[in-house]
Amino acid sequence: MSLEYTKTIIEIASAILILVAFELLNQKKLKGYSFMAIGQFLATIICLMTSLWFLAVMHGFNCLLMIRGYVKWKRS
């Protein structure tokens, strides 16, 4: 399997997870945080592979924020 094909699959999976997460967060469901964190992590990997450093940092930061939100929600 070529690297381009792998990047495309990861990018599509990331986009789908982020869209599903937005819907779950709109419904105030805890699963939304974990879906968003995984989607943001995958987006970070893709941005790193394509040398989009600023976007990689921003997606990584969003991933950490989703993990923080998940932990805060679980505590309350």
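Q: What is the relative accessible area of Leu55?
A: Leu55 counts as partly exposed in this predicted model, a class that spans the range between under 20% and over 50%. The residue is found in helix α3, which covers residues 53-75, and the relative accessible area of Leu55 is 40%.

Q: Which residues make the nonpolar surface patch of about 490 Å²?
A: Membership of such a patch requires over 30% relative accessible area, and Leu55, at 40%, is therefore above that cut-off. Leu55 is one of the residues of this nonpolar patch, and the complete set is Leu52, Phe54, Leu55, Val57 and Met58.

Q: How many helices does the secondary structure of the chain come to?
A: Read along the sequence, the chain follows the pattern α-α-α, and its secondary structure comes to 0 strands. Helix α1 covers residues 3-26, helix α2 covers residues 31-49 and helix α3 covers residues 53-75. The count of helices is thus given as 3.

Q: What share of the 76 residues in the chain is buried?
A: The C-alpha atoms of the chain fill a box of roughly 45 × 20 × 15 Å along the principal axes. The accessible surface of the chain comes to about 5,400 Å², of which 71% belongs to carbon and sulfur atoms. Since a residue is called buried when its relative accessible area is under 20%, the share of buried residues among the 76 is 26%.

Q: Of the contacts in the chain with a separation of 6 or more, what percentage do residues 24 or more positions apart account for?
A: Contact here means heavy atoms within 4.5 Å, and the percentage is taken over contacts with a separation of 6 or more. Residues 24 or more positions apart account for a share of 46%.

Q: Which backbone nitrogen does the side chain of Thr44 reach, and at what distance?
A: Thr44 is found in helix α2 and counts as buried, at 12% relative accessibility. Leaving aside neighbours within four places in sequence, Thr44 is in contact with Ala56, His59 and Gly60. The side chain of Thr44 reaches the backbone nitrogen of one of these residues, and the atom in question, with its distance, is that of Gly60 at 3.0 Å.

Q: Which residues does Cys63 touch, not counting residues up to four places away in sequence?
A: Cys63 has its place in helix α3 and counts as buried, at 9% relative accessibility. Between Cys63 and Gln40 the C-alpha to C-alpha distance is 5.2 Å, although 23 residues separate them in sequence. Beyond the residues up to four places away, Cys63 touches Ala37, Gln40 and Phe41.

Q: To how many disulfides does the count come?
A: A disulfide is a covalent bond between the sulfur atoms of two cysteines. The closest cysteine sulfur to that of Cys47 is in Cys63, 13 Å away and too far for a bond, and the closest to that of Cys63 is likewise the one in Cys47, at 13 Å. Cys47 is itself buried, with a relative accessible area of 7%. Because a pair of cysteine sulfur atoms must lie within 2.5 Å, the count of disulfides comes to 0.

Q: Which side chains meet in a salt bridge at 3.2 Å, N to O?
A: Side chains of opposite charge can pair when their charged atoms come close, and a search of the whole structure finds 1 salt bridge. Its two residues are 3 residues apart in helix α1, so that about one helical turn separates them. One partner, Lys7, is buried at a relative accessible area of 12%, whereas Glu4 is exposed at 52%. The side chains that meet are those of Lys7 and Glu4.

Q: What is the value of phi at Lys28, which is not a glycine?
A: Most residues other than glycine have a negative phi. Lys28 has its place in the loop between α1 and α2, where it counts as exposed, at 65% relative accessibility. The phi of Lys28 is positive, at about 60°.

Q: Where does Ser51 lie?
A: Ser51 is a residue other than glycine with a positive phi, near 60°. At 45% relative accessibility Ser51 counts as partly exposed, and its position is in the loop between α2 and α3.

Methods: Residues are numbered from 1 along each chain as its sequence is written. This is a predicted model: local features need pLDDT of at least 70, side-chain atom pairs count only at pLDDT 80 or more; totals for chains, interfaces and linings use all residues. Side-chain values use heavy atoms; hydrogens and water are left out. Patches are made of residues with over 30% relative accessible area and no salt bridge: like charges are joined within 9 Å, nonpolar side chains (Val, Leu, Ile, Met, Phe, Trp, Tyr) within 5 Å. Accessible areas come from the Shrake-Rupley method with a 1.4 Å probe; for residues, only the protein chains shown count as cover. A salt bridge is a side-chain nitrogen of Lys or Arg within 4 Å of a carboxyl oxygen of Asp or Glu. Helices (H or I, at least four residues) and strands (E, at least two) are DSSP runs, numbered from the N terminus. Buried means under 20% relative accessible area, exposed over 50%, partly exposed in between (1.4 Å probe, protein chains only). A polar contact is a pair of N or O atoms within 3.5 Å; within protein, one must be able to donate a hydrogen and the other to accept it, and residues adjacent in sequence count only if both atoms are side-chain atoms.
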